[in-house]
Amino acid sequence: MSTYVYEPYWPDPAKELETCLNFYRDLVNQMYFWDLMEFVAYLGYRDGVEWALEQLGRENVDQAVLAEIEELDAKLRANADYLVNELELYKHIWRDEPEEYWWWYLDGGKPDGPLEAREVVGEMWKVAKAVPVTTIAEEHAPYEVQSQDE
């Protein structure tokens, strides 16, 4: 079950659509420019596009805008091999987005991420719970004052 809730940057869905579409357009049109972290961060703007379309009602959105979104989506899907295999976009990300948000699942994954991501996150939680901070810093370094002559 997904616990994902999109939080818009703008309360006005039309402004959210405009802003997120600009970022999504840049993401897709410059796909080979972004590194893994940037791509993951910018892919969330496609969520904003979807949120705005749902708020506005697709029938109330300019057909040219809808056509551009379809074109960008097709380009993203056409580059799935690059995103999955070369950029390894989905290998280590935890995904909680609804399955309808297909752009998060071009690798065929499901919500909560691939097995590797679940294992990594699970191990991190075990370590975080098991190791108190005081055991990490065993000894404080002494404070030393150096004279200006040195």
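**Helix α3 and its surroundings**

The buried residues of α3 are covered by elements that include α1 (13–29), α2 (36–56) and α4, where contact means heavy atoms within 4.5 Å and helices are DSSP runs (H or I, at least four residues) numbered from the N terminus. This is a predicted model, in which local features need pLDDT of at least 70 and side-chain atom pairs count only at pLDDT 80 or more, while totals for chains, interfaces and linings use all residues. Residues are numbered from 1 along each chain as its sequence is written, and side-chain values use heavy atoms, with hydrogens and water left out.

In α3, the buried residues are Leu66, Ile69, Leu72, Asp73 and Leu76; buried means under 20% relative accessible area, exposed over 50%, and partly exposed in between (1.4 Å probe, protein chains only). They cover an arc of only 125 degrees around the axis, which puts them on the same side of α3, the arc being that of the directions from the helix axis to the C-beta atoms. Gln63, Glu70, Glu71 and Ala78, on the other side of α3, are exposed.

At the N-terminal end of α3, Asp62 acts as a cap, with a side-chain oxygen 2.9 Å from the backbone nitrogen of Ala64.

**Helix α1**

The buried residues of α1, among them Leu17, Cys20, Leu21, Tyr24 and Val28, pack against α2 and α3.

**Glu88 in a loop**

Glu88 lies in the loop between α4 (80–86) and α5 (115–130), and has a positive phi of about 55 degrees although it is not a glycine. Most residues other than glycine have a negative phi. Glu88 is partly exposed, with a relative accessible area of 36%.

Definitions and conventions:
Helix = DSSP H or I, 4+ residues; strand = E, 2+ residues; numbered from the N terminus. Polar contact = N/O pair within 3.5 Å; in protein donor to acceptor, adjacent residues only side chain to side chain.
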